[in-house]
Amino acid sequence: MSGGAFDYKQHLIEMIADDIEQKIIEAGREIPEEVLKKEWYAYGYGYGYDYYHTGRTNKETYPDYNRQTIAIMKRAVYVLRMAFIYVQRIDWMLSGDDGEGDLVERLKEELDELRTRYPSGRFTFDRKKVRYDDDYGHFREITDE
């Protein structure tokens, strides 16, 4: 069965966390040329992109936020990821995929993993390792793998 008690809506929580995380990573960074081109074409202005953007001197950047705002956003990512875990585990129990013992055991495992991934209790990353990945379509942290 794999859940379904909440019509899989818990994945919206995860998507919101992903979106906020992306805004944190993008904050103040230069918008890559590939993104500008995609956005320009998406709005139906494809015929003039090269004319208006070739050789531009002003770099366009994503919105930047102050430290307090970024800290709030990082905490939100952590809390949303925790909320997703809780809802997912309860969903599986209510749907009959897991029993109450499984709920407790899996919840503990996943929360421990979350705390390992975010030891400070908030989303964090190494700014120097973040690069735009055209295949991924967003900025992401490039690991040492």
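These are my notebook entries on what I looked up in this predicted model.

**Entry 1: helix H1**

I started with H1, which runs over residues 10–26. I wanted to check its length, so I compared two values: at 1.5 Å a residue, its 17 residues should span 24 Å, and the end C-alpha atoms are 25 Å apart, which agrees. Next I asked myself which residues of H1 are buried. They are Gln-10, Ala-17, Glu-21, Gln-22, Ile-24, Ile-25 and Glu-26. I then looked for what covers them, and found that the cover includes helix H4 (67–94), strand E1 (130–133) and strand E2 (138–141). Just past the helix I noted Gly-28, which follows H1 and has a positive phi, near 75°.

**Entry 2: the nonpolar core**

I turned to the largest nonpolar core, which has 22 residues. Which of them touch the most other members? My list reads Ile-24, Ile-25, Ile-85, Tyr-118, Phe-123, Phe-125 and Phe-139. At least two residues of this core come from each of H1, helix H2 (33–42), H4, helix H5 (100–117) and E1. H4 gives the most, with 6 residues.

I picked Phe-123 for a closer look. Leaving out residues up to four places away in sequence, Phe-123 touches Glu-21, Ile-24, Ile-25, Lys-74, Val-77, Tyr-78 and Tyr-118.

**Entry 3: helix H5**

I checked the length of H5 too: its 18 residues reach 26 Å from first C-alpha to last, close to the 26 Å expected at 1.5 Å a residue. The buried residues here are Leu-103, Leu-107, Leu-111 and Leu-114. They cover an arc of only 55° around the axis, so they sit on the same side of H5. I reminded myself of the general rule: an α-helix has 3.6 residues a turn, so residues three or four places apart point the same way. On the face turned away from the buried side I found the exposed residues Gly-101, Lys-108, Glu-113 and Thr-116. H4 is part of what covers the buried residues of H5.

**Entry 4: two serines in loops**

Is Ser-95 buried or exposed? Ser-95 lies in the loop between H4 and H5, and it counts as buried because its relative accessibility is 10%, below the 20% cut-off. Its side chain reaches the backbone oxygen of Asp-91 at 2.9 Å.

Ser-120 is in the loop between H5 and E1. With 47% relative accessibility, Ser-120 counts as partly exposed. I also looked up how far its C-alpha is from that of Tyr-78: the two are 42 residues apart along the chain, and 9.6 Å separates them.

**Entry 5: salt bridges**

How many salt bridges does the structure hold? There are 8. As a general point, side chains of opposite charge can pair when their charged atoms come close.

I looked at three of the pairs.

- Glu-26 and Lys-23 meet at 3.8 Å, N to O; both lie in H1, 3 residues apart, about one turn of the helix. Glu-26 is buried at 7% relative accessibility, while Lys-23 is partly exposed at 42%.
- Asp-112 and Arg-115 meet at 3.2 Å, N to O. They are 3 residues apart in H5, so about one helical turn separates them. Asp-112 is partly exposed at 31%, and Arg-115 is partly exposed at 41%.
- Arg-106 bridges to Asp-98, with the closest N and O atoms 3.5 Å apart. Arg-106 is partly exposed at 32%, whereas Asp-98 is buried at 6%.

My last note is that Arg-89, Asp-98, Arg-106 and Glu-110 are linked in a network of salt bridges.

How values were computed
Residues numbered from 1 in each chain as written. Predicted model: local features only at pLDDT ≥ 70, side-chain atom pairs only at ≥ 80, totals over all residues. Heavy atoms only, no water. Helix = DSSP H or I, 4+ residues; strand = E, 2+ residues; numbered from the N terminus. Expected span 1.5 Å × (residues − 1). Buried < 20%, exposed > 50% of the residue type's maximum accessible area, 1.4 Å probe, protein only. Contact = heavy atoms within 4.5 Å. Core = buried A, V, L, I, M, F, W, Y, C linked by side-chain atoms within 4.5 Å. Polar contact = N/O pair within 3.5 Å; in protein donor to acceptor, adjacent residues only side chain to side chain. Arc of directions from axis to C-beta. Salt bridge = Lys/Arg side-chain N within 4 Å of Asp/Glu carboxyl O.
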